[in-house]
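Good morning, and thank you for coming. Please look at the structure on the screen as I speak.

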Amino acid sequence: MELKYEFYIDAQPEKVWNALMSPEGTRKIFFGCVIRSTFKEGDLYEYVGPGNDGDETVHVYGYILKYERYKELSCSEHPGPSYRANHAELETRVTFTLETVGKCTKLTLVNDRWSDNHPSYKDTEKHWWMILSNVKTLAETGKTLDFGW
């Protein structure tokens with residue numbers, strides 16, 4: 001199974017990257033979470049923010065597979081421990097790639113390598129559209145979308 005999304009964004013790769021990776025950007029597009037990591041290949045990362053376990057809830061975590069600033073982030077991904085008792089068994093891979101197209105940035109997201117019978121597939125398929133639309137809006141306008149949550 002593979003989820004693939006492509007967005008063309010009227011902003012330079014650095015601005016799109018900052019929406020995806022900076023604490024200010026991730027708080028806005030990932031529902032108040034920040035990403036914590038050294039971003040060295042093989043190192044742990046966590047998206048941490050308000051949730052089931054308070055302000056320090058680990059929503060997803062995994063390991064950095066590839067990191068090239070302003071171009072690519074690839075990582076394994078597991079749901080946070082408060083979401084699934086078998087979180088360590090549930091894994092996918094997420095890869096963000098940025099490339100310049102004219103004066104725009106093409107953002108490609110591939111979410112693949114889903115473990116068998118992963119219970120989050122259907123929700124994830126819907127939520128990536130919302131998150132990536134928010135990345136596009138934030139990079140282009142400096143604002144985020146109001147999903148009414």
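I shall discuss one helix, then a loop residue, and finally a pocket.

Please keep in mind that this is a predicted model. Let us begin with helix α3, which covers residues 121–141 and so has 21 residues. Does its length fit expectation, and what span should we look for? At 1.5 Å a residue, α3 should span 30 Å, and its end C-alpha atoms are indeed 30 Å apart, so the two values agree. The helix nevertheless bends by about 25° at histidine 127. Just beyond α3, glycine 142 adopts a positive phi of about 80°.

Which residues of α3 are buried? They are Tyr121, Thr124, Trp128, Ile131, Leu132, Asn134, Val135, Thr137, Leu138 and Ala139. As general background, an α-helix has 3.6 residues a turn, so residues three or four places apart point the same way. The elements covering the buried residues of α3 include β1, α1, α2, β6 and β7.

Next, consider serine 115, in the loop between β7 and α3. Serine 115 counts as buried because its relative accessible area is 17%, and the cut-off is under 20%. Apart from neighbours within four places in sequence, serine 115 is in contact with Glu89, Leu90 and Glu91.

Finally, the largest pocket holds about 780 Å³ of space. Its lining consists of 28 residues, and His59, Val60, Glu77, Thr124 and His127 lie nearest its centre. By type, the lining divides into 17 nonpolar, 8 polar and 3 charged residues. Helix α3 returns here: along with β3, β4, β5 and β6, α3 supplies at least two residues of that lining.

Definitions and conventions
Residues numbered from 1 in each chain as written. Predicted model: local features only at pLDDT ≥ 70, side-chain atom pairs only at ≥ 80, totals over all residues. Heavy atoms only, no water. Helix = DSSP H or I, 4+ residues; strand = E, 2+ residues; numbered from the N terminus. Expected span 1.5 Å × (residues − 1). Bend = angle between axes of the 7 residues up to and from the residue. Buried < 20%, exposed > 50% of the residue type's maximum accessible area, 1.4 Å probe, protein only. Contact = heavy atoms within 4.5 Å. 1 Å grid on protein atoms, 1.4 Å probe; cavity = no way out; pocket = protein on both sides within 12 Å on 5 of 7 lines; lining within 4 Å. Points joined across faces, edges and corners; volume = space filled by probe spheres on them. Nonpolar A, V, L, I, M, F, W, Y, C, P; charged D, E, K, R; others polar.
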